[in-house]
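I opened this notebook to keep track of what I looked up, chain by chain, before turning to the place where the chains meet.

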Amino acid sequence: MLKRTALYSAHQQLAAKLIDFGGWEMPVQYTSITDEHLAVRNAAGIFDISHMGEVTVSGLGAEVFLNSVLTNDIRKLAAGQGQYTLMCHPGGGVIDDLYAYRLSEHDYLLVINASRIEADVAWLQAHAAQFTGGGLNLQDVSHNYAAIAVQGPRVKEFIHLVIGGASTSVFKVLAVTELKKNQIAGFHFGGHSLLVARTGYTGEDGFEILGSASMIELLWAGLLAVGQPFGLKPAGLGARDTLRTEVCYPLYGHELNENITPMEAGVGPFVAFDKGNFSGRSVLAQQQANGMKRKLVAFKMTDKSAPPRPQYPIWANGVRVGEVVSGTQSPSLNLGIGMGYVPPILARPHTNIEIEIRGKYCAAVIVPKPIFRK
Amino acid sequence: MSHIPSDLKYAKTHEWVRVSGDTATVGITDHAQHELTDIVFVELPAVGRKVKAGEACAVVESVKTASDIYSPVSGEIIEVNPTVVDQPALVNSEPHTGGWFYKIKLGNAAELNALLSPDDYQKQIGG
């Protein structure tokens, strides 16, 4: 039996096409992936992201603990700020990529991938049990939260009409639209509390909203109704994938897994070597100094071809050199795009490669990230 | 509600056949294009290729997935549709007309009897 979010009946009412996404029955699209994608790029899209996981980490020991298990430096965060970060095992491979938010001096919220909730919680709990610093309280609160993402250039024109007024917790802003990128604060909505972060996974301006399952349907309905005249459309996982691929955001299980390091995946900027020791540090430092065996690149197809897909081989100079990890037809660019791993010597923009698609070697070229930029 | 033209015959795998003497035109149904949505690429068999009924002979790609197309009948490919290769979206907008895939010289006309009538295809897809 697949898991369903609190918005399941909303998806049914919209006649969404539902699929099995890591054990969750989720909408892949409502009308068409292309339409939903373009709505986000040009106006606004609303996504159910309730399947994602949340973990609270609090206490006097929270900061030291988190800095020992995450790669980025949590001390950079003031209350009301969040950062992209990764969790690695001692071999340097990625357990998950996630966002860490500081809600107060001793309170943190981690937002983690739906497919990694069990793995992440087990890892964090094992390390919390070994933590000798004291004052540490760690809770998996995933079942307490539902969540919605609203993304697109026009979201800021209407979100405050639904989530009105000044913030009520974490830190003070006079309106939700005053949150800067990566900031988070608490607001009230219809007598309920919710957390709003100016973050997203699409490359557009937008907000991610966390609240209780009991109020999320009302919030979804409110946003849809108010946002519709601004061009807001419901958007599913299909568009979520094409949007993030265009801007080269990694997806765990594709660009990242337990055998890939943040350095190989090109997210080295989110690894803070100078903060002290953390899980995976020594291997990552070695890679930083000595180089790595493979690097993530972005590419575009240069001739008309079928779209590149995950696991298609990458060839260069007559030799098979790597594999595609994400690939699709880009709705914004109308050509095939993707990301894949190749030897570092080939990992330079303008390098010509070929993607093997059903036995044909289709011309492509490595491009700088992001592939799509306005 | 899928459109199911009454002058066509259908395969269980959602291809349609329009017979004209000893040749036939093949494409995919309205139901199929609706399931796939957003067709971005069509790969057609080479002219001259001989195919057997049930053999995968074309590929249709949507944003999300690649789908094999199975020839509903045996025979030799005598013509393919260059317009649908140039404009894959025709499969979505005109699945039974402008979005046709290929014409085939029928190798065994008796195979047509194994195909579904419009009513039987309607029953198969429900609704």
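The entries below follow the order in which I went through the model.

**Entry 1, status and chain A overall.** I note at the outset that this is a predicted model. For chain A I listed eight helices and 19 strands. I then looked at the radius of gyration of chain A, which is 21 Å and close to the 21 Å that the globule rule gives for 374 residues, so chain A is as compact as a globular protein of that length. Along its principal axes, the C-alpha trace of chain A spans about 65 × 55 × 40 Å. Of its 374 residues, 50% count as buried, and among contacts in chain A between residues at least 6 apart in sequence, 65% join residues at least 24 apart.

**Entry 2, domains of chain A.** I looked up the domain assignment, which gives domain 1 as 8–50 + 145–245, domain 2 as 53–131 and domain 3 as 293–374. For the spacing of domain 2 and domain 3 of chain A, I found their C-alpha centres to lie 33 Å apart.

**Entry 3, helix H2 of chain A.** I wanted to know how many of the ten residues of H2(A) are buried. The helix, residues 33–42, is mostly covered, with eight of them buried; I wrote these down as Ile33(A), Thr34(A), Glu36(A), His37(A), Leu38(A), Ala39(A), Val40(A) and Arg41(A). When I asked what the buried residues of H2(A) pack against, I found strand S2 (24–29), strand S3 (44–48), strand S9 (146–151), strand S13 (232–234) and helix H7 (237–246) of chain A.

**Entry 4, the nonpolar core.** The largest nonpolar core has 133 residues, and I asked which of them touch the most other members. These are Ile148(A) and Val196(A), while the element that gives the most to this core is strand S6 (residues 94–104) of chain A, with seven residues. I followed Val196(A) further and, not counting residues up to four places away in sequence, found that Val196(A) touches Ile163(A), Val176(A), Leu179(A), Ile184(A), Ala185(A), Phe187(A), Phe207(A) and Ile209(A).

**Entry 5, chain B overall.** Chain B comes to four helices and nine strands, which from the N terminus run in the order β-β-β-α-β-β-β-β-β-α-α-β-α. Its radius of gyration is 13 Å, close to the 14 Å that the globule rule gives for 127 residues, so chain B is as compact as a globular protein of that length. The C-alpha atoms of chain B fill a box of roughly 35 × 35 × 20 Å along the principal axes, and buried residues make up 42% of the 127 residues.

**Entry 6, strand pairing in chain B.** I traced strand S8 (residues 75–80) of chain B, which pairs with strand S5 (residues 50–51) of chain B in the antiparallel sense over two bridges. Five bridges join S8(B) to strand S9 (residues 102–106) of chain B, again antiparallel. Gly75(B) in S8(B) stands opposite Val51(B), and its bridge partner in S9(B) is Leu106(B).

**Entry 7, where the chains meet.** The contact takes ten residues from chain B and 14 residues from chain A. On the chain B side, strand S4 (39–43) and strand S6 (56–62) each supply at least two residues, and S4(B) gives the most, with three residues. I sorted the residues of this side by character and recorded five nonpolar, one polar and four charged.

Key:
Residues numbered from 1 in each chain as written. Chains lettered and ligands numbered in written order. Predicted model: local features only at pLDDT ≥ 70, side-chain atom pairs only at ≥ 80, totals over all residues. Contact = placed C-beta atoms within 7 Å. Nonpolar A, V, L, I, M, F, W, Y, C, P; charged D, E, K, R; others polar. Core = buried A, V, L, I, M, F, W, Y, C linked by C-beta atoms within 7 Å. Buried ≥ 20, exposed ≤ 12 C-beta atoms within 10 Å, placed from the backbone. Domains from an automatic or database assignment. Rg over C-alpha atoms; globule rule 2.2 N^0.38 Å. Pairing = 2+ DSSP bridges.
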